[in-house]
Amino acid sequence: MMADAGSVVYQQVFAPPAAGRDVVTTLNLETQRLAESALAQSKHRCAMVIVDAFTGDIRAMASLPQYDPNAFAGGISSADFTALTQDIDGPLFDRALLGTYPPGSIFKPIVVMAGLRAGTVGAQMEFECGPSLMIDGREFDNWSKDDHGFFNARAALIRSCNTYFYQSAMVTRDRPILYMAHEFGLGTAPVLPLKTATGNLPQSAPSNHDLANLSIGQGVTEASPLQMAMVMATLANGTCRPRPRLVSHTQSQSGRLGDVSIPCREALMPVSQMDLETVRSGMFGVVNHARGTGKAARLKKVAVFGKTGTAQWVLRGAKANVVWFAGFVDTNPPLAFAVMVEGNAGQGGLSGGGTAAPIIAKILHDIEDRPTAHDVKFTPDNVPEENDPLTPEFIPPPPGYYGGPPQYREDPGIGGFFQRLFR
């Protein structure tokens, strides 16, 4: 009972306070420390998620800029709270769980998988990778002006060739791509004891322009770093989409077990092992091919599979870039990851391979050097560095030959014959 002056005039304790249960998370302390340190060294607004690809256990999750939650424990001052809420970089905003961004080229493995499953674009089917492609009166650019020649799925992933994916999507169309993206968990909020973002997966791509944007992870498609980490976890285990898990169990102060959260899978993947290996071979080349876009994340003793991404989005009313690097490292269990870096309007020099990949590389090198600290195992091996030509070798026509399409050296097969016949 309080007096008008605000003083306590009477009080009675009806029940003594009882200690609550401890929450035991799935986080690995060393992995989490390194993730926070690597993000802080980048000096960007960014986020990172690392998960166990088999169980979905979140090993590390961080967002930058961050704040000290201890400031709220005893009651934060009005001035300190105002400083946090008015900070233009949004330290109270959890980018790993709630930030949604265009995934850019890290969406491309889904496009390849959709074409393979639908039977519209085979693994060895080639499209010309040029500097740009005219689609319904509008020119759509490739990120590189130096790529030329005919690329198959593996080469297109390694070089992240936009013009390949434009043409691939025109053949496959939107429904198989959107179906595959949904099966990988996009457009659905991950189930966690924290609020998570749904992102955005369109119902359709009504025009060829929309379809071209969809094929390279642009347009209205958006995903969170957690969602893209779970996409990579699904590619790593090759069987199912695991549910992300942040809390393993609760326990009393004396160690008595309370609530237990059991790992579970949310969906079986409708893909064949052969199709999966096609995508994995491209993602391996992204990191380990001489012309790969993610070479900064290469390790010598254990294989890293990855995909770089650079997307355009609108930040505070102006155009800016958001860059990604996502993939997995072939440990036991495999660790899947996604790193996202926000750029400012007019800021150049950001790229998935040059900005995001070096951030996760710091953690990957420590995993290679100290696997036990990160609760993984692997047998050290010499990871091969690929250097094969990504385009088929052109065979000059014999003397006196003046007609017909160019001939390429490739393994004989019905697929290649009909592909060139109906190109």
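# A walk through the model, starting at a hairpin

Select strands 9 and 10 to begin: they make a hairpin with five residues between them, and glycine 255 in the turn has a positive phi of about 95°. Bear in mind as you click around that this is a predicted model.

**The hairpin and its sheet**

Keep residues 247–251 (strand 9) and 257–260 (strand 10) on screen. The two strands run antiparallel and are joined by two bridges. For a landmark, pick histidine 249; valine 260 in strand 10 is its bridge partner.

Now add residues 22–25. What order do the strands take in this sheet? The order is 1-9-10, in an open sheet of three strands with antiparallel pairing. Strand 1 (22–25) and strand 10 are the edges, each pairing on one side only. From one strand to the next, the twist averages 25°. Four bridges hold the antiparallel pairing of strand 1 with strand 9. To see where they line up, show threonine 25, which stands opposite valine 247 in strand 9. As a reminder, strands of a sheet pair through backbone hydrogen bonds, either parallel or antiparallel.

**Zoom out**

Show everything for a moment. The protein has 11 helices and 16 strands, and its C-alpha atoms fill a box of roughly 110 × 50 × 35 Å along the principal axes. Of the 423 residues, 49% are buried. Take the contacts between residues at least 6 apart in sequence: 69% of them join residues at least 24 apart. The accessible surface comes to about 20,500 Å², and carbon and sulfur atoms account for 54% of that.

**Helix 5 and the spots on either side**

Next, select serine 160, in the loop between helix 4 (153–159) and helix 5. Its phi is positive, about 55°, although serine 160 is not a glycine. Is serine 160 buried or exposed? Its relative accessibility is 4%, so serine 160 counts as buried.

Extend the selection to helix 5 (162–172). This helix is mostly covered, with nine of its 11 residues buried. Among the buried ones are Tyr164, Phe165 and Tyr166, along with Gln167 and Ser168. Just past the end of helix 5, stop at arginine 173, where phi is positive at about 75°.

**Helix 6 and its neighbours**

Carry on to helix 6, residues 174–183. Turn on side chains for its buried residues: Asp174, Ile177, Leu178, Met180, Ala181 and Glu183. What do they pack against? Colour helix 3 (108–118), helix 5, helix 7 (208–215), strand 8 (240–242) and strand 11 (265–268), and you have the partners of those buried residues. Helix 6 is followed by glycine 185, with a positive phi near 100°.

Glycine 185 leads you to glutamine 227, since the two are in contact. Glutamine 227 sits in helix 8 (residues 225–237). With a relative accessible area of 3%, glutamine 227 is buried, being under the 20% cut-off. Setting aside neighbours within four places in sequence, its contacts also include Leu186, Gly187, Thr188 and Pro190, then Ala197, Thr198 and Gly199, plus Glu222.

**A cis proline and a nonpolar patch**

Jump to the loop between strand 3 (58–64) and helix 2 (78–86), where tyrosine 67 is placed. Proline 65 lies in this loop too, between strand 3 and helix 2. Check the bond between leucine 64 and proline 65: the peptide is cis, with omega about 5°.

Switch on the surface and pick Tyr67, Phe72, Phe81 and Leu92, which make a nonpolar patch of about 340 Å². How exposed is tyrosine 67? Tyrosine 67 is partly exposed, at a relative accessible area of 35%.

**Last stops**

Another cis peptide bond runs from asparagine 332 to proline 333, with omega near 0°. Look for proline 333 in the loop between strand 13 (318–329) and strand 14 (335–342).

Finish at aspartate 375, in the loop between helix 10 (352–369) and strand 15 (394–395). Its phi is positive, near 60°, in a residue other than glycine. Aspartate 375 counts as exposed, at 52% relative accessibility, whereas serine 160 counts as buried. Why stop at such places? Because most residues other than glycine have a negative phi, and most peptide bonds are trans.

Terms used. Residues numbered from 1 in each chain as written. Predicted model: local features only at pLDDT ≥ 70, side-chain atom pairs only at ≥ 80, totals over all residues. Heavy atoms only, no water. Pairing = 2+ DSSP bridges. Patch = residues over 30% accessible without salt bridge, like charges linked within 9 Å, V, L, I, M, F, W, Y side chains within 5 Å. Areas by Shrake-Rupley, 256 points an atom, 1.4 Å probe, with all protein chains shown as cover. Salt bridge = Lys/Arg side-chain N within 4 Å of Asp/Glu carboxyl O. Buried < 20%, exposed > 50% of the residue type's maximum accessible area, 1.4 Å probe, protein only. Contact = heavy atoms within 4.5 Å. Axes fitted to C-alpha atoms, helices over the stretch in contact; angles between N-to-C directions.
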